[in-house]
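Please walk through this model from its pocket to its sheets and back along the loops. The structure comes first, and the explanation follows.

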Amino acid sequence: QEYTYAIDFMVTTLNPDDSRRAMYGPNLIDEDDDEEISPAGAIAGLIARWGNDATKGIWQNMAGTEAILYGFNGTAKKYSTAQAGKMNEVNINVIKQVAGVGIYVNGSRTLTRTQAKRYRYIGQRLNTSDIMRKIEKNTQFATHQHIDDLLKMKVKMVCTNICDKRFRDGGLAGSSSGEAYTITHDADTDALAEEGIFLTKV
């Protein structure tokens, strides 16, 4: 059966261990011409839509009956609950079609197995990547600047503001900001300062 082939292919051929990739299936049937197409574009659209929804956040896993894929007549294949469960076990995110609900994504796993278990789910990976991008963008002012305590304080303040907002939005777990994240200057900073480098750990 096709689902067993998909499992064998994932385990024996691909054997992935990468938190920045994910696999979805089956293919979708386009509503305009009934052609079978990859779900990649639809998943990208779902991630963008989810990330721009004020009631959600990219740290929330994009799965379940709210993760609807629009513009399709159906899925190319249908799997039983047991089959879908076996596919989920090897990190294949199954797309389901349910009458009265629609076509939706029923999993949000990355392809990591041992590399970084804290990134087993797409929301976790996207959350970290988004925070890193924001910090990088907002600390450009520190490039080519003289390293002193004032510069370190400014960088730490930027990191704190970004992480604190994400915590208040619900994207970082913890009963307090101090429990949700820490920001420190690396112990090696003084030695690296002579080379024009200092490290901030978030």
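Helices and strands are taken here as DSSP runs, at least four residues for a helix (H or I) and at least two for a strand (E), and they are numbered from the N terminus. The model is a predicted one.

The pocket is a convenient place to begin. The largest pocket holds about 800 Å³ of space. Its lining is made up of 31 residues, and those nearest the centre are M132, I135, C159, T200 and V202. Two elements, helix 4 and helix 5, give two or more residues each to this lining. Helix 4 supplies the largest share, with 7 residues. By class, the lining of the largest pocket has 16 nonpolar, 13 polar and 2 charged residues.

The two helices named for the lining also pack against each other. Helix 4 covers residues 122–138 and helix 5 covers residues 149–169; the angle between them is about 150 degrees, and their axes lie 10 Å apart. The crossing of helix 4 with helix 5 is right-handed. On the helix 4 side, the contact is made by N127, D130, I131, K134, I135 and N138, which meet V158, C159, I162, C163 and R166 of helix 5. This contact counts 6 nonpolar, 2 polar and 3 charged residues. I135 and C159 appear in both settings: they belong to the helix contact, and they are among the residues nearest the centre of the largest pocket.

Next come the strands. Strands of a sheet pair through backbone hydrogen bonds, and the pairing is either parallel or antiparallel. One open sheet has 3 strands in the order 1-5-6, with mixed pairing. Strand 1 and strand 6 are its edge strands; each has a single partner strand, so one side of each lacks a neighbour in the sheet. On average, neighbouring strands of this sheet are turned by 20 degrees against each other, direction ignored.

The mixed character can be followed pair by pair. Strand 1 (residues 23–25) runs parallel to strand 5 (residues 92–98), and 3 bridges join the two. M23 has I92 of strand 5 as its bridge partner. Strand 5 and strand 6 (residues 102–105) are instead antiparallel, with 4 bridges between them; here K96 is bridged to Y104 in strand 6. Strand 5 and strand 6 make a hairpin with 3 residues between them, and in its turn G100 has a positive phi of about 85 degrees.

A further open sheet of 3 strands is antiparallel and has the order 3-2-4. Strand 3 (36–37) and strand 4 (72–75) stand at its edges with a single partner strand each, so one side of each has no neighbour in the sheet. Strand 2 (residues 28–30) is joined to strand 3 by 2 bridges in the antiparallel sense, and the bridge partner of I29 in strand 3 is E36.

Two places in the loops remain. Most residues other than glycine have a negative phi, and most peptide bonds are trans. Where does P26 lie? P26 is placed in the loop between strand 1 and strand 2, and the peptide bond joining G25 and P26 is cis, with omega of about 5 degrees. The other place is N91, in the loop between helix 3 (81–89) and strand 5. N91 is not a glycine, yet its phi is positive, at about 70 degrees.

Technical notes. Residues are numbered from 1 along each chain as its sequence is written. This is a predicted model: local features need pLDDT of at least 70, side-chain atom pairs count only at pLDDT 80 or more; totals for chains, interfaces and linings use all residues. Side-chain values use heavy atoms; hydrogens and water are left out. Axes are lines fitted to C-alpha atoms, for helices over the stretch in contact, and angles run from 0 to 180 degrees between N-to-C directions. A crossing is left-handed if the near helix is turned anticlockwise from the far one by less than a right angle, and right-handed if clockwise. Contact means heavy atoms within 4.5 Å. Ala, Val, Leu, Ile, Met, Phe, Trp, Tyr, Cys and Pro count as nonpolar, Asp, Glu, Lys and Arg as charged, and the others, Gly among them, as polar. Two strands pair if DSSP finds at least two bridges between them. On a 1 Å grid over the protein atoms alone, a cavity is a set of points where a 1.4 Å probe fits but cannot get out, and a pocket is an open set with protein on both sides within 12 Å along at least five of seven lines; lining residues have an atom within 4 Å of a point. Grid points are joined across faces, edges and corners, and a volume is the space filled by probe spheres set on the points.
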